[in-house]
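Dear colleague,

I am passing on the structure we spoke about, with the sequence alongside, and below it I have set out what came up when I went through it. Please open it next to this message and follow along.

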Amino acid sequence: MKDHRRLGRDLEIYHSDPMIGAGLPLWLPAGAAARHAIEEYVREEERLAGYQHVYSPPMAKRQMYERSGHLAKFADDMFPAMSDDPGAPADDAEALMLRPSLCPHHAMVFGSRGRSYRELPVRIAEIGGMYRAERSGVVGGLSRVRAISLNDAHVFCSLDQVGAEVALVLAMCARIHPALGFAADGYRLSLRGPGAGYLGADADWVRAEALLRDALVQAGVPFEEAPGEAAFYGPKIDIQVRDLAGRESTLATVQVDFAQPERFDLSYTGRDGNPARPVMVHRSIVGSMERLLAHLLEVHQGAFPAWYAPVQLAVAPVGEAQDAAAREFAEQALRAGLRASLSLDGSLGLRIREASQRRVPYLAVIGSREADAGEVSLRLRDGRQLPPMPYAQALALIHGAVAARSAELADFVPVA
């Protein structure tokens, strides 16, 4: 079993270069292709669940993070403020800072205009960048980085809608995680611990903790309670996974927050015509794309399900005489929406081994007999070799597995 750092290097998923800096991975074409497929799927699932997607800048004035409480809590983990005035004081409220979180920006989205109770819940989602000033000695691979691409969303709702929203998030996790090919290793109810540093009233924390505990009970999943692991603004449900070394980390999360709406003075017009304060539900279905891909690399040992494999189909002619037929089939595959590559260099045996080493789900071999008949012979990553079949049938088989986001490469073997 290989860890994600070795797999990432062997499969050319990402690259770390000292010229760029520690903790700043460079996504290579294979990694970018897998990541794009996953992001596209997650965005569509969110759209169907009623989320609206936005783009927000990865920085803001210092005063915004003072307002949100992030600066007081995470100052040591944030990069220094940037100012175009050399004489500006270190605490210049106008200076720009890279964000440690997306939630203040999404609060601004909700507050960009007046809202009515009829609109609630308002679900705002984004896969956005944020930054943590991690020490160079602790960053490594994709699991701990300085530049983070987070699948994040914030739901603004009334108090009586919170339970349903948390249940919706847990249901989305239960649907999306299996499609990616993994299951949670545990659920944790992260609660407030002793000491200062938590925002909001005690009564709000009690209500928020009760809502999350009830959602877990209703979902029927076992969980443990972890005092002291809450966010500074509210309790949370953390969905935990383990890497090959047994280290546990949080992949997905849902949090209930009464404090941020108050700090940003968010409101909507209630049924009685008076201003009312929304509750803010923070949630991430798959966490950061970096940590997610690190986990998926190890879970699948690089052999991703076909729907997000970097290359889904490699096409290999037996000899030069079949190059034209191979090019035609590869072109049809591309036009059918598949990520296909043409493999021409070296012996056929070498090209077959290369496709296997790259964990390509499907290899189409075209010899003289197949070229004359307009057919291909498919070799599956799991070792099966299917009898020759027409181009359209082969593409339909692959496209069916991809469209279904199936873990299986083929649910049937066509009759020759």
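Two strands are taken to pair if DSSP finds at least two bridges between them. Please also keep in mind that this is a predicted model.

By that criterion strand 8 (residues 186–191) pairs with strand 10 (residues 236–242), since five bridges join the two, and they run antiparallel; one place to look is G186, whose bridge partner in strand 10 is Q240. Strand 8 is also joined to strand 9 (residues 224–227), in this case by four bridges and with the two strands running parallel, and here L191 has P227 in strand 9 as its bridge partner. To get from strand 8 to strand 9 the chain passes through helix 7 (residues 202–219), and the β-α-β crossover made in this way is right-handed.

Further along there is an open sheet of five strands, with mixed pairing, in which the order is 16-15-17-18-19. Strand 16 (340–342) and strand 19 (389–390) are the edge strands, each of them pairing on one side only. Within this sheet, strand 17 (residues 362–366) and strand 18 (residues 375–380) run antiparallel and are joined by four bridges, with A364 standing opposite L378 of strand 18. Helix 10 packs on the sheet, where it touches strand 15, strand 16, strand 17 and strand 18, and its direction makes about 165° with that of strand 15.

The aromatic side chains deserve a separate look, as a search of the whole structure finds eight aromatic pairs. In one of them, the rings of Y41 and W307 have their centres 5.0 Å apart, and because their planes stand at 70°, which is over the 60 degrees required, the pair counts as edge-to-face. Y41 belongs to helix 2 (residues 29–48), whereas W307 is in the loop between helix 9 (289–300) and strand 15 (313–317), so this pair ties together parts that are 266 residues apart in sequence. Both partners are buried, Y41 with a relative accessible area of 4% and W307 at 5% relative accessibility. Ring pairs also link Y41 and W307 with F304 and Y308 into a cluster.

What is the geometry of the pair formed by the rings of F329 and Y391? Their centres are 5.0 Å apart and their planes lie at 50°, so the pair is tilted. F329 is in helix 10 (residues 323–335) and Y391 in helix 13 (residues 391–403), which makes this a link between distant parts of the chain, 62 residues apart. F329 counts as buried at 0% relative accessibility, and Y391 likewise counts as buried, at 8%.

Two arginines are placed over aromatic rings: R115 lies over the face of F110, 5.1 Å from the ring centre, and the charged end of R283 sits over the ring of Y51, at 4.9 Å from its centre.

Finally, I would point you to G23, which lies in the loop between strand 1 (14–15) and strand 2 (26–27). Is G23 buried or exposed? Its relative accessible area is 14%, so G23 is buried. Leaving aside neighbours within four places in sequence, G23 is in contact with V139, V145, R146 and A147; the C-alpha atoms of G23 and V139 are separated by 5.3 Å, although the two residues are 116 residues apart along the chain.

With best wishes

Methods. Residues numbered from 1 in each chain as written. Predicted model: local features only at pLDDT ≥ 70, side-chain atom pairs only at ≥ 80, totals over all residues. Heavy atoms only, no water. Phe/Tyr/Trp six-rings, centres within 6.5 Å; stacked < 30°, edge-to-face > 60°. Buried < 20%, exposed > 50% of the residue type's maximum accessible area, 1.4 Å probe, protein only. Lys NZ or Arg CZ within 6 Å of the ring centre and 35° of its normal. Contact = heavy atoms within 4.5 Å. Axes fitted to C-alpha atoms, helices over the stretch in contact; angles between N-to-C directions. Right-handed = clockwise from strand over helix to strand, strands pointing away.
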